[in-house]
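Subject: Structure handover

Hello,

Here is the structure I promised you. Please open it and keep it on screen while you read my notes.

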Amino acid sequence: MRAIEFQEYGGPEVLRVVDAEVPEPGPGRVSVDVAWAGVNFADLKARSEGYRVPALPHRPGLEVSGRVRAVGAGVTGLAVGQEVAALTEGGAYAEVVVADAVTVFPVPAGIGLRTAATLPTVLPTAYALLHSVGRLQPGESVLVQGAAGGVGTVAGQLARAAGAGAVYGVVSSQSKARYAREHGYDEVYVGDVEAAPGTDGLPAWVRAATGGRGVDLALDAVGGETFRQSLASLAVFGRLVSFGNASSAGPWHVGQPELYPGGRSVGGFSILTLAQTSPADLRALAERAFATAVDGTVTLPVTAEFDLADAAEAHRLMGTRASTGKLLLRVG
């Protein structure tokens, strides 16, 4: 079978097409003939700096859609030939991938395989950020970093459906701002979140937009200075949920000086970690999240697709920060 792997860390050019043996599923695991594979920023961090890479060479990719090829011992509820979407520990950029059965989900009725490939990481993540961790209440306001990306696209729509009083986004360009406004956002901050000369940057913009109050919930996948600016944008009793570190900044530290005065709180979420620590909770979360795609509450546009052999081009596009929505690889 064909697969994409890298033998050293670096730019998109380190991705190579290789011939590999077809993997067989062990107990509790399932192999999938891949139709589509999702491209995520975590794949770029794996390739460039070894994020969640246990050893080299490594095959990137965290999500696929396709059909069950074989099931290992002890697997129930899944059958050969069944259409599924799967969250993987890696290796999704391949014609066949193996995943734990608990992270393989039957494709909901009415959802095609192309759309199904957009579901495993983004939709449950956005749903958890708003509801399970962020505990968004009707009438509350939300601030989302990366509002035009995959999670941001879904989060804006989910927040609107949950009755948010106002949904604010942060993007890097005017074209992304237009896109975000089409997917649930009321107002969008364009540019670097760090303060411009003579201003307080993002927090000042948020205060102006909210009549001086700040937002009730902020979602941040960037870390570093962006994390600090998001925290400073919170209202009294506001919550900040961290779900990534795209900036590759050092670990954030928050203590009494930042939290006590306004009664603020900070939480975190990682769907990959949840898959390892509590797969039953992941399945329940995914079922609730997938239902919002079935009933039309949310849509996640596929804005670009590439052949498997052109995975490097997909990485180049995502790395320019010019992409919106979801990027996919055509495999099967």
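Which strands does helix 3 lie across? Helix 3 lies across strand 8 (141-145), strand 11, strand 12 and strand 13. Its direction makes about 145° with strand 11. Bear in mind that this is a predicted model.

**The open sheet**

Look at the sheet next. It is open and built from 6 strands. Their order is 10-9-8-11-12-13, and the pairing is parallel. Strand 10 and strand 13 (265-268) stand at the edges. Each has a single partner strand, so one side of each is left without a neighbour in the sheet. On average, neighbouring strands here are turned by 20° against each other, direction ignored.

Some background helps. Strands of a sheet pair through backbone hydrogen bonds, and the pairing can be parallel or antiparallel.

Now take two pairs from this sheet. Strand 11 (residues 215-220) pairs with strand 12 (residues 234-242) in the parallel sense, over 5 bridges. In that pair, Leu-219 stands opposite Val-241 of strand 12. Strand 9 (residues 166-171) and strand 10 (residues 187-190) are also paired in the parallel sense, over 4 bridges. There, Val-170 stands opposite Tyr-189 in strand 10.

How does the chain get from strand 9 to strand 10, and what is the hand of the crossover? The chain passes through helix 5 (residues 174-181), and this β-α-β crossover is right-handed. Helix 5 packs on the sheet and touches strand 9 and strand 10. The direction of helix 5 makes about 160° with that of strand 10.

**Helix against helix**

Go back to helix 3 (residues 122-133). It packs with helix 10 (residues 279-294) at an angle of about 105°. The two axes are 9 Å apart. Helix 3 and helix 10 are therefore roughly perpendicular to each other. On the helix 3 side, the residues in contact include Leu-123, Pro-124 and Tyr-127. On the helix 10 side, Leu-285, Arg-288 and Phe-290 are among them. The residues of this contact divide into 9 nonpolar, 2 polar and 1 charged.

**An antiparallel pair**

Finally, find strand 3 (residues 29-39). Strand 3 and strand 6 pair in the antiparallel sense over 5 bridges. Val-30 has Ala-99 in strand 6 as its bridge partner. Is strand 6 (residues 96-100) largely enclosed or left open? In strand 6, 4 of the 5 residues are buried, so this strand is largely enclosed by the rest of the structure.

Best wishes

Notes. Residues numbered from 1 in each chain as written. Predicted model: local features only at pLDDT ≥ 70, side-chain atom pairs only at ≥ 80, totals over all residues. Heavy atoms only, no water. Axes fitted to C-alpha atoms, helices over the stretch in contact; angles between N-to-C directions. Parallel < 35°, antiparallel > 145°, perpendicular 65-115°, else oblique. Contact = heavy atoms within 4.5 Å. Nonpolar A, V, L, I, M, F, W, Y, C, P; charged D, E, K, R; others polar. Pairing = 2+ DSSP bridges. Right-handed = clockwise from strand over helix to strand, strands pointing away. Buried < 20%, exposed > 50% of the residue type's maximum accessible area, 1.4 Å probe, protein only.
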